[in-house]
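Trainee: Could you walk me through this model before I set anything up with it? I'd like to go piece by piece.

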Amino acid sequence: MKPKLAFYWCASCGGCEVAILDLNEALLDLVEKADIVFWPCAMDFKRSDVEKMGDNHIDFSFINGAIRTSEDVEMADLLRKKSKHVVAFGSCSCFGGIPGLANLSSKKEMLERIYDTESTEERAVFPSVKFEFDGEILTLPEFLDEAKPLEEVIKVDYFIPGCPPQTEQTLEALDSLLNGRSDKKVFASAKSVCEECPRQKEDKKLSTIKRIYEIQDDGRCLLEQGIPCLGPATAGGCGARCVKANYPCTGCNGPTQEAIDQGARMIASLASALGIEDEEKMEEKKVDELIDEIIDPVGTFYKFSLPKSILKKRWRDLDKSKTIGGRS
Amino acid sequence: MVFEPKILAFLCNWCSYAGADLAGVSRFQYPPNVLPIRVMCSSRVSPEHIFQAFDQGADGVFVAGCHPGDCHYINGNYKTLRKVKLTKKMLEQIGINPKRLRLEWISSVEGVKFAEVVREMTEELKELGPIER
């Protein structure tokens, strides 16, 4: 019997679904080898179809997107119940991804920004979970307090990171999963992106942080040229595609296997690579200037992995000190 | 009840730990709120350790290393300086008061300074109160 596959999206941009379509001709081989029993983005399936299935009916459920609403939680629970294996597909599902950066604001702050600012025509009308209209009850899923990776709500068997996952990575994963040769849990390289990067390293200290348009591309390491490239802290497996296309790595494949926290690991790498001339004289002002050139450290170093990091979300410590005593 | 902050101190083996030791054998008084961990070099302390400390209940983290030019490993403390400054910036963005992370240079003869810094930091953290989690 052919194995059964399901694809579902939670809080995602749809890029991961396109990544499946991007398999091109290989998609035809896939439908020959397996049955797709649920894929609301591309085919006409309803939630009730899944509800009618028996437990463990689906062999592999590929879930992409972060967990952001109560509907995402319900669907993840449902698919977990109906599937033998669950695969977190894409960075959002593995680490929280770009939607996870919203954890820097609270739910209240976000709703106020959207529904109660100058840009809103009718101020302070917030979406509600339940609404009665003409005797009918209309419902909406609840917007949760924070974005979470899939692993925080259900048990996940396999991870395919990437934003979106590279075709080669997806094919390798599909091949080994469907043939029962799944010796890997995470379908990314155990080594960092730097291992796959063809650029030349000179072990040079960087004395200034630059933006991508400020450098001449000459095949040298982007980090050594002053671009904050997340290669050292990011798992490879993507073939260093972005770096080969003259764009710095932004870390979509998540932390390397031995790193606990991608952003923290990147700070450590960058602090070692950064250097000012005559650092022995240690003018703190100069160090401050250099550090100030990195404008948005959380957004740069945790672009895809904030909900999966150690600190996870915005803490309320500073807000408190602003109101009490005003020390910050 | 008075709030007693918990401070995790990473002390470098060659200077700062000896400094703390000197404070002990000289019987300088300092608050008992500090929990020291000896590391071979202050640059061994990764932001990962600092974040984990805050996540697991520390109210403050104190990193101490050799004075500029005195590092046993030549340039470890310069890396620490940049690392701590970057970490502070990140802490601020994530909503933790950067004052909760402190870097000081303490040599093996500065027992007084060690006691002084711990006292100062404890006072500061008492005023800031516990981290709102």
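Mentor: What follows goes from the overall make-up of one chain to a helix, the contact between chains, a sheet and some backbone details. This is a predicted model, in which local features need pLDDT of at least 70 and side-chain atom pairs count only at pLDDT 80 or more, while totals for chains, interfaces and linings use all residues. Residues are numbered from 1 along each chain as its sequence is written, and chains are lettered from A and ligands numbered from 1 in the order in which they are written.

Trainee: OK, how many helices and strands does chain A have?

Mentor: Chain A has 13 helices and nine strands, where helices (H or I, at least four residues) and strands (E, at least two) are DSSP runs numbered from the N terminus. Its C-alpha atoms fill a box of roughly 70 × 55 × 30 Å along the principal axes.

Trainee: And what share of chain A is buried?

Mentor: Of the 328 residues in chain A, 40% are buried, meaning that 20 or more other C-beta atoms, placed from the backbone, lie within 10 Å of the residue's own; 12 or fewer makes a residue exposed, and anything in between partly exposed.

Trainee: Let's take α7 of chain A; which of its residues are buried?

Mentor: The buried ones in α7(A) are A:Gln169, A:Thr170, A:Ala173, A:Leu174 and A:Leu177. They cover an arc of only 125° around the axis, which puts them on the same side of α7(A); the arc is that of the directions from the helix axis to the C-beta atoms.

Trainee: What covers them?

Mentor: The cover includes α1 (15-21), α2 (25-33), β3 (58-64) and β9 (158-160) of chain A, counting two residues as in contact if their C-beta atoms, placed from the backbone, lie within 7 Å. After α7(A) comes A:Gly180, with a positive phi near 70°.

Trainee: Switching topic: how many residues does each chain give to the contact between A and B?

Mentor: Chain A gives 33 residues and chain B gives 30. On the side of chain A that touches chain B, α10(A) gives the most, with eight residues.

Trainee: Which classes are on that side of chain A?

Mentor: There are 17 nonpolar, five polar and eleven charged residues on the side of chain A that touches chain B, with Ala, Val, Leu, Ile, Met, Phe, Trp, Tyr, Cys and Pro counted as nonpolar, Asp, Glu, Lys and Arg as charged, and the others, Gly among them, as polar.

Trainee: Now chain B: in what order do the four strands of the open sheet run?

Mentor: The order is β2-β1-β3-β4 (chain B), with parallel pairing, and two strands pair if DSSP finds at least two bridges between them. Strands β2 (34-39) and β4 (101-105) of chain B stand at the edges, each with a single partner strand, so one side of each is left without a neighbour in the sheet. Strand β3 (residues 60-65) of chain B pairs with β4(B) over five bridges, and B:Gly65 stands opposite B:Trp105 in β4(B).

Trainee: Which backbone details in chain A should I look at? I saw A:Pro164, A:Asn24 and A:Ala240.

Mentor: The peptide bond from A:Cys163 to A:Pro164 is cis, with omega near -15°, and A:Pro164 is in the loop between β9 and α7 of chain A. A:Asn24 is not a glycine, yet its phi is positive, about 55°, and phi of A:Ala240 is also positive, near 50°.

Trainee: Are those two buried or exposed?

Mentor: A:Asn24 counts as exposed, with 8 C-beta neighbours inside 10 Å, whereas A:Ala240 is buried, with 20 other C-beta atoms within 10 Å.
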